[in-house]
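Please go through this structure with me step by step, from its overall division into parts down to single backbone details.

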Amino acid sequence: MANEEALIEIRKGLDSIDNKLLDLLDERMKLVHKVGKIKAQSGGAIYRPEREKSIIDRLDNINQKNGGLLNRSAIEALFLEIFAISRNLELPENIGYLGPKGSFTHQAAESRFGAMSSYVSISSIKGIFKELESKKIKFGVVPIENSSNGIVNDTINGFTNFNSKIVAEVILNIHHTLATTCDKIEDIKKIYSKDIAFDQCRKFLNNFGLDEVELIPVESTTKAAKLAANEPNSAAICAHVAAKLYNLPILFENIEDKDNNKTRFFILSDFENSSSGNDKTSILVKFPDEQGVLVKFLNDFNNANINLTKIKSHIVEGDSIFFIDFDGHKDDENVKRVLEKHQSSIKVLGSYVKEIKDI
Ligand SMILES: O=C(O)C(=O)C[C@]1(C(=O)O)C=C[C@@H](O)C=C1
């Protein structure tokens, strides 16, 4: 009984705090509305990832100083949702992702744009670049690389053929499940999944004798979940959310071979970010056919004190091009000088806030 009374008292306290939070959120939204009006006049970008990052950094610092109970991830989860609602209040904008619903790219999109945004599932990476160009969507979310399978060629091809800009990166830990209506692993006669997901779970399949059953590659792990939900004696390798979407029971979780299996995604749009002080820039480079040109190029970056964090070669229509990431913003003085010197061979894809995680 004493506990019951204590609970009633505590809940009164919670109710009163929730009322205050609601008032404060309403006050915040009124200010956001004003920001929206100013941006509507000036044509300024609604999504400002560098501003959102600086707000989260500030709150995280205050919270640490105060010894608060929330960790950075909790602060991020709460405020990213608030920012998403704010952006929708300023101007609702469509977000296209490489579908179908429940795909890892959909998860990456939701991690940044929250549950309240308006999403469009698009079936190909090229389709996302096209919809961005025709302004049917304001943002496009595409995978760029996976720690096990490397660079996503369709995304590089998109960058060579279209002019969308990278405005943010998202790095997700990728976990696969084996989901099936079968009670026993021996009853599984076929497994549906995406080809790269089979590659990422080879050891698991070998260890459980599942390399002998029929492995059927399909376009997406979400489609795999849908097929397995409707077919006896079948299973899917898919994301947790995809299994849930089709009410498919999960037999094993985290079946990927490498426990740090990660995918990096880009958020694309039609504007450029200003500097946040902690940025990364991505470029594509096509070198002229001259001896030593790559060495000279790398030396110029080194001499300008620019830290290259990634360099990957890629073949487009028989020509070798390089996808390069480096620390810094394209408008930083040292970066600007090197980019200008090599401008005939470089396409700048965007400068954006560097994620804390790396791949
Ligand atoms: O500061 C802005 O430019 C805003 O639009 C406000 C706000 C916010 O809610 O704080 C919302 C969206 C932007 O991505 C960044 C911040």
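What distance separates the centres of domain 1 and domain 2, taken over C-alpha atoms? In this predicted model, the separation between those two centres is 22 Å. The contact between the two parts draws nine residues from domain 1 and ten residues from domain 2. On the side of domain 1 that touches domain 2, the largest share comes from α3, which contributes five residues, and by class this side consists of seven nonpolar residues, one polar residue and one charged residue. For orientation along the chain, the domain assignment places domain 1 at 24–90, domain 2 at 93–174 + 261–271, domain 3 at 180–250 and domain 4 at 274–353.

The helix α3 also matters for the description of the ligand, since the shell around the ligand receives the most from α3, namely four residues. The helices α1 (2–42), α2 (49–65) and α3 (72–90) each provide at least two residues of this shell. Surrounding the ligand are Val32, Val35, Tyr47, Arg48, Arg51, Glu52, Ile55, Phe83, Ser86, Arg87 and Glu90, and by class these residues divide into five nonpolar, one polar and five charged.

The helix α2 allows a simple check of geometry. Its 17 residues, counted at 1.5 Å a residue, should span 24 Å, and because the C-alpha atoms at its two ends are 24 Å apart, expectation and model agree. Just after α2, Gly67 adopts a positive phi of about 60°.

Two backbone details can be read against a general expectation. Most residues other than glycine have a negative phi, and most peptide bonds are trans. Lys135, which is not a glycine, nevertheless has a positive phi of about 65°, and its place is in the loop between α5 (125–133) and β3 (139–146). The peptide bond that leads from Gly99 to Pro100 is cis, with omega near 5°, and Pro100 is found in the loop between β1 (94–98) and α4 (104–113).

We turn next to the sheets. One of them is an open sheet of five strands in the order β8-β7-β9-β6-β10, with mixed pairing. Its edge strands, each pairing on one side only, are β8 (214–217) and β10 (250–252), and the twist from one strand to the next averages 30°. Within this sheet, β7 (residues 190–193) and β8 pair in the parallel sense over four bridges, and Ser193 stands opposite Pro217 in β8. Helix α9 (residues 221–229) packs on the sheet, where α9 touches β6 (177–180), β7 and β9 (234–238), and the direction of α9 makes about 160° with that of β9.

Another open sheet has four strands, arranged in the order β13-β14-β12-β15 with antiparallel pairing. Here the edge strands are β13 (308–316) and β15 (346–353), each of which pairs on one side only, and neighbouring strands are turned against each other by 15° on average, direction ignored. The strands β13 and β14 (residues 319–327) pair in the antiparallel sense over eight bridges, and Ile315 stands opposite Ser320 in β14. Helix α6 (residues 153–161) packs on this sheet and touches β12 (279–285), β13, β14 and β15, with the direction of α6 making about 85° with that of β13.

Definitions and conventions:
Residues are numbered from 1 along each chain as its sequence is written. This is a predicted model: local features need pLDDT of at least 70, side-chain atom pairs count only at pLDDT 80 or more; totals for chains, interfaces and linings use all residues. A residue is near a molecule or strand if its C-beta atom, placed from the backbone, lies within 6 Å of it. Ala, Val, Leu, Ile, Met, Phe, Trp, Tyr, Cys and Pro count as nonpolar, Asp, Glu, Lys and Arg as charged, and the others, Gly among them, as polar. The expected span of a helix is 1.5 Å times one less than its number of residues. Two strands pair if DSSP finds at least two bridges between them. Axes are lines fitted to C-alpha atoms, for helices over the stretch in contact, and angles run from 0 to 180 degrees between N-to-C directions. Two residues are in contact if their C-beta atoms, placed from the backbone, lie within 7 Å. Domain bounds come from an automatic or database domain assignment.
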